[in-house]
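I wanted to know what surrounds the ligand here, and then to check up on one acidic residue. These are my notes from going through the structure.

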Amino acid sequence: MTERFTPRVIPILDQRDPGMVLAQAALAPSSRSGATQGELTDTLGRNLRDLRISVTDKCNFRCSYCMPKEVFGKDYPYLPHASLLSFEEITRIAQQFVRHGVQKIRLTGGEPLLRKNIEVLIAQLAALRTPQGKPIDLTLTTNGSLLARKAWALKAAGLQRVTVSLDGLDDAVFRGMNDVDFPVARVLDGIRAAQDAGLGPIKVNMVVKRGVNDHEMIPMARHFKGSGMVLRFIEYMDVGATNGWRMDDVLPSAQVIERLRAEWPLIALAPNSPGETAQRWGFANAEGGHDTQAGEVGVISSVTQAFCGDCNRARLTTEGQLYLCLFARQGHDLRSLVRSGANDADIAAAIGHIWHGRSDRYSELRASMPPDSAVAGTTDPRRAEMSYIGG
Ligand code: SAM
């Protein structure tokens, strides 16, 4: 049996750990009033805006770049149910994040639609309000396999939109990439159901692996052009320690854009919001302006053009570890805090202290390393897997 990745966790209540110094300070009555709500800024001046919550570490796909079959086999020891945050615990923690300026929550995993009764959690999160009384932007990332069945229930529960992962339109290529022989037609049915249910604007994410599915980029762009959906090409990332990442497998976004430009004229578009992960490119009209009917594509270049400078994201794992970077080796143990009887102010104060101490900028540091150095590859077994931390 494959040995399971063991996350390194900063146990907030462990007095022997330096993390405790932070958490203790957060819990001290004198610091409570100032840290329990309001905007948070980290050591690099970045605000907290976006929370990604992983609701399961399980997935029904075995994409080799994420959950390779050889590692995530049938004996793989997934987290036991008791260690998962309950919906009430997730909502309570999320509420404290919203008090601290989070405006957007994305549910992810693993495959989030595998979590039983996910609609119940969605309804609870949809009821959250910012300190200004506004609803949060609530979305979910899915492989689309269960969308056709669930889209309407998700919408009824209060989900606003979805992002669907799809790595190609060619059935053989897609079945090969998901490695469970799942047909592309069923994901396309799921996307259609999401559109019909009003879960838009829909984004479609395609991870591009050089020599594996890069020939699918143009057919994908052609398919989604003019559909109202935004296709985004993601550079294959060195996340986790099991996918055997090599720089040679990455197709840099600059080359993605070059290939698209050989088919269509494109113009660069301004970001929709600060900290947006994708760079936007619009299909151009005859006058060189943006053809809004044709729409746009995006590229997410976390390998070749790191965007740590305005990263406003935090990640809550299935078992309640708070990660401040997708590439972090350690999480902060919010579950123990919640289960030890902490009140809402205590939780909010701990989040405040953790964010104030944040200095992660892994992708920028990696960019300054030789491509095959230990830090710039998946040779570090302490790295958290994407399926654990939440994509
Ligand atoms: N199961 C859901 C899905 O397929 O969208 C949510 C979780 S998945 C980990 C989230 C996203 O991360 C997917 O779009 C997936 O393709 C992407 N992803 C996983 N591993 C990646 C890697 N090594 N590089 C780039 N993207 C990756």
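**Ligand shell**

I sorted the shell around the ligand by residue type and got eight nonpolar, nine polar and two charged residues. Worth keeping in mind: this is a predicted model.

Next I looked up which residues come nearest. Out of 19 around the ligand, those are Gly 110, Glu 111, Thr 141, Ser 165 and Met 237.

Then I checked which strands take part. Both β4 (137–142) and β7 (230–235) supply at least two residues each to the shell.

**Polar contacts**

I went through the polar atoms one by one. Gly 110 has a polar backbone atom 2.9 Å from a nitrogen atom of the ligand. For Glu 111 the side chain does the job: one of its polar atoms lies 3.0 Å from a ligand nitrogen. I also found Thr 142, with a backbone N or O atom 3.4 Å from an oxygen atom of the ligand.

How much of the ligand does the protein bury? Taken alone, the ligand exposes 540 Å², and 94% of that is buried by the protein.

**Asp 50**

I turned to Asp 50, which sits in strand β2 (residues 50–54). Is Asp 50 buried or exposed? The relative accessible area of Asp 50 is 5%, and the cut-off for buried is under 20%, so I put Asp 50 down as buried.

Last, I listed its contacts, leaving aside neighbours within four places in sequence. Asp 50 is in contact with Val 102, Lys 104, Asn 312, Arg 313 and Ala 314.

Note on methods
Residues are numbered from 1 along each chain as its sequence is written. This is a predicted model: local features need pLDDT of at least 70, side-chain atom pairs count only at pLDDT 80 or more; totals for chains, interfaces and linings use all residues. Side-chain values use heavy atoms; hydrogens and water are left out. A residue is near a molecule or strand if one of its heavy atoms lies within 4 Å of it. A polar contact is a pair of N or O atoms within 3.5 Å; within protein, one must be able to donate a hydrogen and the other to accept it, and residues adjacent in sequence count only if both atoms are side-chain atoms. Accessible areas come from the Shrake-Rupley method with a 1.4 Å probe; for residues, only the protein chains shown count as cover. Helices (H or I, at least four residues) and strands (E, at least two) are DSSP runs, numbered from the N terminus. Ala, Val, Leu, Ile, Met, Phe, Trp, Tyr, Cys and Pro count as nonpolar, Asp, Glu, Lys and Arg as charged, and the others, Gly among them, as polar. Buried means under 20% relative accessible area, exposed over 50%, partly exposed in between (1.4 Å probe, protein chains only). Contact means heavy atoms within 4.5 Å.
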